[in-house]
Amino acid sequence: YRAMLLWSVWSCSTAVNDLVYIIDGSWSVGVSDFDTAKQWLINITSQFDISSHYTQVAVIQYSDTPRLEIPLGKHQGVAELIKAIRSISYLGGNTQTGRAIKFAVDHVFASSQRGNLVKNRIAVVVTDGKSQDDVVDASMEARAQSITVFAVGVGTEITTSELISIANKPSSTYVLYAEDYTTIDRIRDSMEQKLCEESVCPTRIPVASRDEKGFELMVGMNIQTKAKKIPGSLVSETAYALAASTDITENTREIFPEGLPPSYVFVSTLRLKGISSKLSFDLWRVLSKDKAIQAAVTLSGKDKTVTFTTTSTTEKEQKAVFKTGFQVGTLYDGKWHQIKVLVRHRQVTGFLDDQRIQELMLKPVEPIYINGETQVSKRRGTDITVEIQKLRLYCDPHQSERETACEIYSVVRSLLSLSLPFHFKGFKWLNQTFKLLRLLRTR
């Protein structure tokens, strides 16, 4: 059984984490809401493989003083850990959040017996009010020791600035809010996704003024060293031509060592010319050891479709086919285009040049296997010529909203043609336009 787990990954379940929950047990919480908070922890923790090999969990309850409810690594199994969380009794008292964070850093994380084997050290601080002590120094020390801190504020008495000072940056990623404990389960999916991103997506992609967690597949798949460099969609862009003889294949464990997160965004900027615009091929795919498709984005010039393939709990695989009229058909017109596939728990959405194509439902999926291969530009075991400028997988599903298609010349040209009748004032206007384009390219 354990050998099977070594080969398979279900989102972040088998990541090697030390995860410490620091939960508010002050008087303002109350017994009922404290029980709700415990259930929230149980719901989130159930996604992990709790064992000495993968995720170990500790729980600290704090009020005037922190109390270690569950030591790190004491319970080796989800059922055992859930039973222990349910048995935690409510403390009551004042709110000394800073003291609790310091206790976690000095005594709980420090007690881990796994040393350098732990890939991620994560603390989740849950509070419903302003701390009565300083949280800044303790939080800074946590980050100095490479501990990632999430801050979850519940209710109207919380102080946003305090949550921001507790959590890692950016706050948009590491700070979460709930209206009250009765609605805290509404942010469960968001908390699960963020913990998975932290566990599964160790790399960051520089995008504009922020770094996005994800996988730069142009680099990871060694496309830049294997393929021929060509001009991209704009003068400032570089692309690569993948010829029929170019084998873009890497071991999946080298590309996605912890598997895929439950939600992600696949983005590619490409141009299909000649035969590649008429045939069906996998732009990107993850195969198991026995060559079964685990995940794939398939383009078909013949049918004018884009297909997303993933696993299924009831069948060998499941497919979502995007085929809404001319929208998809323009992908095969020999020009540069950007395609995005937004994957969530139970649905997948396709975009072409920032325009939404379709949203399709997904059935529950099974684990992916990391003992196989990840490939780019494959057709029935052989390669096909395609020109690629961008190939990324972002772990944050909201990156779908931020990732624009401003690098696409055809899109820019359309904007220019729309603006021309209204704003053309000779070379001065043209110069201003190119300044705007340069600004857009930095996004």
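Me: What is the angle about the S-S bond in the link of Cys 201 and Cys 395?

Reply: The angle is -95°, and the link is left-handed. The model is predicted, so local features need pLDDT of at least 70 and side-chain atom pairs count only at pLDDT 80 or more, while totals for chains, interfaces and linings use all residues. Residues are numbered from 1 along each chain as its sequence is written, and side-chain values use heavy atoms, with hydrogens and water left out.

Me: Why is the pair of Cys 201 and Cys 395 called a disulfide?

Reply: A disulfide is a pair of cysteine sulfur atoms within 2.5 Å. The sulfur atoms of Cys 201 and Cys 395 are 1.8 Å apart, so the pair meets the rule. The count by this rule is 1 disulfide. In general, such a link is a covalent bond between the sulfur atoms of two cysteines.

Me: Which parts of the chain does the disulfide link?

Reply: The disulfide links distant parts, 194 residues apart. Cys 201 is in the loop between helix H8 (188-200) and strand E8 (204-207), and Cys 395 is in the loop between strand E24 (386-394) and helix H13 (399-402). Here helices (H or I, at least four residues) and strands (E, at least two) are DSSP runs, numbered from the N terminus.

Me: How do you know whether Cys 201 and Cys 395 are buried or exposed?

Reply: A residue is buried under 20% relative accessible area, exposed over 50%, and partly exposed in between (1.4 Å probe, protein chains only). Cys 201 has 0% relative accessibility and therefore counts as buried; Cys 395, at 0%, counts as buried too. Cys 406 has a relative accessible area of 16%, so Cys 406 is buried as well.

Me: What makes Asn 222 and Asp 353 notable in their phi values?

Reply: Asn 222 has a phi near 60°, a positive value in a residue other than glycine. Asp 353 has a positive phi of about 50° although it is not a glycine. Asn 222 lies in the loop between helix H9 (217-220) and helix H10 (223-226), and its 30% relative accessibility makes it partly exposed. Asp 353 lies in the loop between strand E19 (347-352) and E20, and at 14% relative accessible area Asp 353 is buried.

Me: Why is the space in this structure called a cavity?

Reply: On a 1 Å grid over the protein atoms alone, a cavity is a set of points where a 1.4 Å probe fits but cannot get out, and lining residues have an atom within 4 Å of a point. The structure holds 1 cavity of 30 Å³ or more. The largest cavity has about 80 Å³ of space, a volume being the space filled by probe spheres set on the points, which are joined across faces, edges and corners.

Me: Why does the largest cavity lie where it does relative to domain 1 and domain 2?

Reply: Domain 1 (17-200) and domain 2 (207-411) both give residues to the lining, so the cavity lies between them. The domain bounds come from an automatic or database domain assignment. There are 10 lining residues, with Thr 173, Arg 204, Asp 211, Glu 212 and Lys 213 nearest the centre. Strand E9 gives the most, with 4 residues.

Me: How many of the lining residues are charged?

Reply: The lining has 7 charged, 2 nonpolar and 1 polar residues. Asp, Glu, Lys and Arg count as charged; Ala, Val, Leu, Ile, Met, Phe, Trp, Tyr, Cys and Pro count as nonpolar; the others, Gly among them, count as polar.

Technical notes
On a 1 Å grid over the protein atoms alone, a cavity is a set of points where a 1.4 Å probe fits but cannot get out, and a pocket is an open set with protein on both sides within 12 Å along at least five of seven lines; lining residues have an atom within 4 Å of a point.
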